[in-house]
Amino acid sequence: ELLLGIVKYPEGLISKYLTLIFLFLILFTIHLTVVSCLLLYCFGGKLGVLRNSADDDRYEFRLSSFFREAKKLFFPYLWLFSIMLPVVLLTGIFILIGFGIYFVFIYNQQGSMASIFFASFLALLFVFLGIAGSLGSLMFSSYAAVILADGKTGIKSSFKATFIFIKDKPSSILFFIGIYSAVAVISAVLAIIHQIFLLISAAGVLMTIPFLFVAGAVSSYLRLVMWSSFIAYYLNYHEERELSRILPSV
């Protein structure tokens with residue numbers, strides 16, 4: 001009865017608990033901001049350390065170097081993801097529009113055959129543009145983050161360098177798709193195994209607890225491998241480009 005009352009008269013609930021809802025929204029916003037800043041700080045430290053390790057074989061990890069890289073890269077990454085986030089949201093809106101057209105015109109079979117065909121084409125177009133835009137934004141952000149990890153370029157220069165890199169090295173697109181696909185497949189396998197454990201009575205629940213620790217460790221390791229691969233791939237390209245500049249002059 002309480003749930004039915006909330007569905008029928010939501011304005012009554014809102015007016016009664018307006019202060020509580022407002023407080024919850026403020027606390028949630030603060031929580032999201034703090035967590036995002038911490039993740040961004042750790043992300044900058046991680047990529048900075050990986051970049052230094054890939055560039056220098058004698059490099060040894062120290063906690064002080066992690067904090068130094070995190071501090072140096074925090075604001076560049078904040079600018080990068082602040083610029084790219086609206087682009088990703090826009091591609092998500094395209095996908096929602098495509099599914100909205102599908103359910104309104106095609107699923108309900110509204111209109112003539114010509115209008116349904118046009119709606120189908122339009123829905124597929126929006127979904128395709130949304131998915132392609134999402135993958136493109138993710139790829140561009142990833143390579144820009146790798147270039148920024150050097151700490152020698154600003155946000156504008158990193159965008160320009162990313163465009164040049166993708167233009168000169170079209171295989172970077174396939175490399176990105178291959179790495180992300182491998183990580184996604186392994187993550188999906190871990191998720192399926194987790195669900196299988198949950199289906200097994202009490203023993204499955206007990207097995208789930210150590211499995212979650214193992215799956216978390218594997219996921220963390222996979223992310224390190226993924227970013228290390230992107231960094232190594234870009235450094236190889238950078239070295240080849242420098243050699244091509246030196247050899248003609250020699």
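This is a short tour of a predicted model, one selection at a time.

**Whole chain**

Start with the full protein in cartoon view. Eight helices and zero strands make up the secondary structure, so nothing but α elements appears when the chain is followed from the N terminus: α-α-α-α-α-α-α-α. Colour by accessibility next: of the 250 residues, 26% count as buried. For contacts between residues with a separation of 6 or more, 71% come from residues 24 or more positions apart.

**Helix α3**

Select residues 18-55, which form helix α3. This helix has 38 residues, and at 1.5 Å a residue a span of 56 Å is expected. Place a distance label between its end C-alpha atoms: they are 55 Å apart, which agrees with that expectation.

Which residues of α3 are buried? Highlight L40, F43, G44, G45, L47, G48, V49, L50 and R51. An arginine, R51, is on that list, as are the glycines G44, G45 and G48. Residues three or four places apart on an α-helix point the same way, because there are 3.6 residues a turn.

**Two cysteines**

Stay with residues 18-55 of helix α3 and pick C37 and C42. C37 has a relative accessible area of 33%, and is therefore partly exposed, since that class lies between 20% and 50%. C42 is also partly exposed, at 40% relative accessibility. A disulfide would need two cysteine sulfur atoms within 2.5 Å, and by this rule the protein has zero disulfides.

**Where α5 meets α7**

Now select helix α5, residues 113-148, together with helix α7, residues 171-199. At what angle do α5 and α7 pack? The angle is about 100°, and the axes are 11 Å apart. The two helices are therefore roughly perpendicular to each other, because angles of 65 to 115 degrees fall in that class.

Show the side chains at the contact. From α5 come L135, L138, M139, S142 and Y143; from α7 come S172, I173, F175, F176 and Y180. By type, the residues of this contact are eight nonpolar, two polar and no charged.

**M207 in α8**

Finish with helix α8, residues 201-249, and pick M207 within it. Is M207 buried, exposed or partly exposed? Its relative accessibility is 40%, so M207 counts as partly exposed. Then add H194 to the selection: H194 and M207 are 13 residues apart in sequence, and their C-alpha atoms lie 9.2 Å apart in space.

Note on methods: Residues are numbered from 1 along each chain as its sequence is written. This is a predicted model: local features need pLDDT of at least 70, side-chain atom pairs count only at pLDDT 80 or more; totals for chains, interfaces and linings use all residues. Side-chain values use heavy atoms; hydrogens and water are left out. Axes are lines fitted to C-alpha atoms, for helices over the stretch in contact, and angles run from 0 to 180 degrees between N-to-C directions. Helices (H or I, at least four residues) and strands (E, at least two) are DSSP runs, numbered from the N terminus. Angles under 35 degrees count as roughly parallel, over 145 as roughly antiparallel, 65 to 115 as roughly perpendicular and the rest as oblique. Contact means heavy atoms within 4.5 Å. Ala, Val, Leu, Ile, Met, Phe, Trp, Tyr, Cys and Pro count as nonpolar, Asp, Glu, Lys and Arg as charged, and the others, Gly among them, as polar. The expected span of a helix is 1.5 Å times one less than its number of residues. Buried means under 20% relative accessible area, exposed over 50%, partly exposed in between (1.4 Å probe, protein chains only).
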